[in-house]
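Subject: Structure handover, metal sites

Hello,

I am passing on the structure we spoke about. Please open it alongside this message; my notes on it follow below.

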Amino acid sequence: AAKAAGRDRVHLFSAGLRDAARWRLEVATRLRDGALDELVVHYQPIVRLDTGAVEGVEALVRWQHPERGLLPPDNFLSVAEETGQLIPMTRWLLRETCRNAAQWAHMGLPLRIAVNISARHFATETLVRDVRTALRESELQPEQLTLELTETSLAEDPARAEEQLSVLRSFGVRVAIDDFGTGWSSLAQLLALPIGTLKIDRSLLTAAERVSGPDAGDVLAAIVALTRTLGIRSVAEGVETAEHLRLVRQAGCDLAQGWLLGQPMSADQLPSWVRAVQEAGGDRCALALEGTR
Ligand code: C2E
Ligand code: MG
Ligand code: MG
Ligand code: MG
């Protein structure tokens, strides 16, 4: 019986691999043949923890697949990266989000937007041009755009990273470090770079939550204190519960993002969502907590 179970597992495993290989091939082929048209951007609110105001949104790519429905980025980003499609995808996404943000500003909703940039794109010469094109076409204020970079993007070649960051900053664009706490880069080296924001990965929040007693959240608080000293703003990612919100507030984070405060939503849904928050007093944190009671 054990042997049979083993065989089943092997069978399941190879079926999984086959499916994975087939999926990668499908993604590669479709992306090459114009699935760019099937991409959509969803926007997740980022909220100030002092006033509860919605300060901006993060742009998150999805694929509206004709048969499989709306696919999250984990399903296709790595393939897009391998096939060289991620840079054209991001180029499109930059233009699309800047266009949306400019529209919202015209509607009286001046929201900041954050766009995720891959390490490979950050390492190219084209990034600066791609960003400038998107800004010029949309006439969006550069200060409204934040680029989210991962620790690895910056740690691989710190000297080159610093140069690239300086160019981006010279025309007003802001930069955030994404998923902080998931890599092993030197904190000192990272924070010495000209960055404006540190996004603290939700794994640190769940770790803080697991530690019981008076020490809960101390690591979080220590990171936030350090960012304060350096004049860097902090964003807590993955705030899902009232308890998470309490923890990140207590740690002194400036901003927060997560399902409790707002789900990612389409460009069509966002303006009315923000308006509804404003009409209810503008404090999204208070509203979210009311909703959980
Ligand atoms: P990220 O940049 O850290 O984005 C945050 C992710 O956490 C998003 O997942 C978001 O939907 C999810 N999230 C937000 N609030 C919560 C919460 O309360 N709980 C939990 N468990 N998750 C939450 P998503 O949209 O699946 O994106 C995953 C990752 O894919 C992103 O992580 C980012 O690294 C990457 N990504 C997404 N769009 C792009 C893109 O256009 N370009 C690049 N290069 N990467 C992208
Ligand atoms: Mg991000
Ligand atoms: Mg993140
Ligand atoms: Mg993350």
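A donor here is an N, O or S atom within 2.8 Å of the metal. Please keep in mind that this is a predicted model.

With that definition, the donor residues of the magnesium ion (ligand 2) follow the sequence spacing E-x57-N-x31-E-x29-D. They are Glu58 (OE), Asn116 (OD1), Glu148 (OE) and Asp178 (OD), and they lie 2.0 to 2.2 Å from the ion. Glu58 belongs to strand S2 (residues 54-65) and Glu148 to strand S5 (residues 145-150), so this pair ties together parts that are 90 residues apart in sequence. Both side chains come with a burial value: Glu58 is buried at a relative accessible area of 5%, and Glu148 is buried at 2%.

The other site is the magnesium ion (ligand 3). Asp178 (OD), Asp179 (OD) and Glu237 (OE) coordinate this ion at 1.7 to 2.6 Å, with the sequence spacing D-D-x57-E. Asp179 sits in strand S6 (residues 174-180), while Glu237 is in the loop between strand S8 (233-236) and helix H11 (242-251); the pair therefore ties together parts that are 58 residues apart in sequence. Asp179 is partly exposed, with 26% relative accessibility, whereas Glu237 is buried at 11%.

Which residue bridges the magnesium ion (ligand 2) and the magnesium ion (ligand 3)? That is Asp178, and the two ions lie 3.5 Å apart.

Regards

Technical notes
Residues are numbered from 1 along each chain as its sequence is written. Chains are lettered from A and ligands numbered from 1 in the order in which they are written. This is a predicted model: local features need pLDDT of at least 70, side-chain atom pairs count only at pLDDT 80 or more; totals for chains, interfaces and linings use all residues. Side-chain values use heavy atoms; hydrogens and water are left out. Donors are N, O and S atoms within 2.8 Å of the metal (3.2 Å for Na, K and Ca); water is not among the atoms, so sites may look incomplete. Helices (H or I, at least four residues) and strands (E, at least two) are DSSP runs, numbered from the N terminus. Buried means under 20% relative accessible area, exposed over 50%, partly exposed in between (1.4 Å probe, protein chains only).
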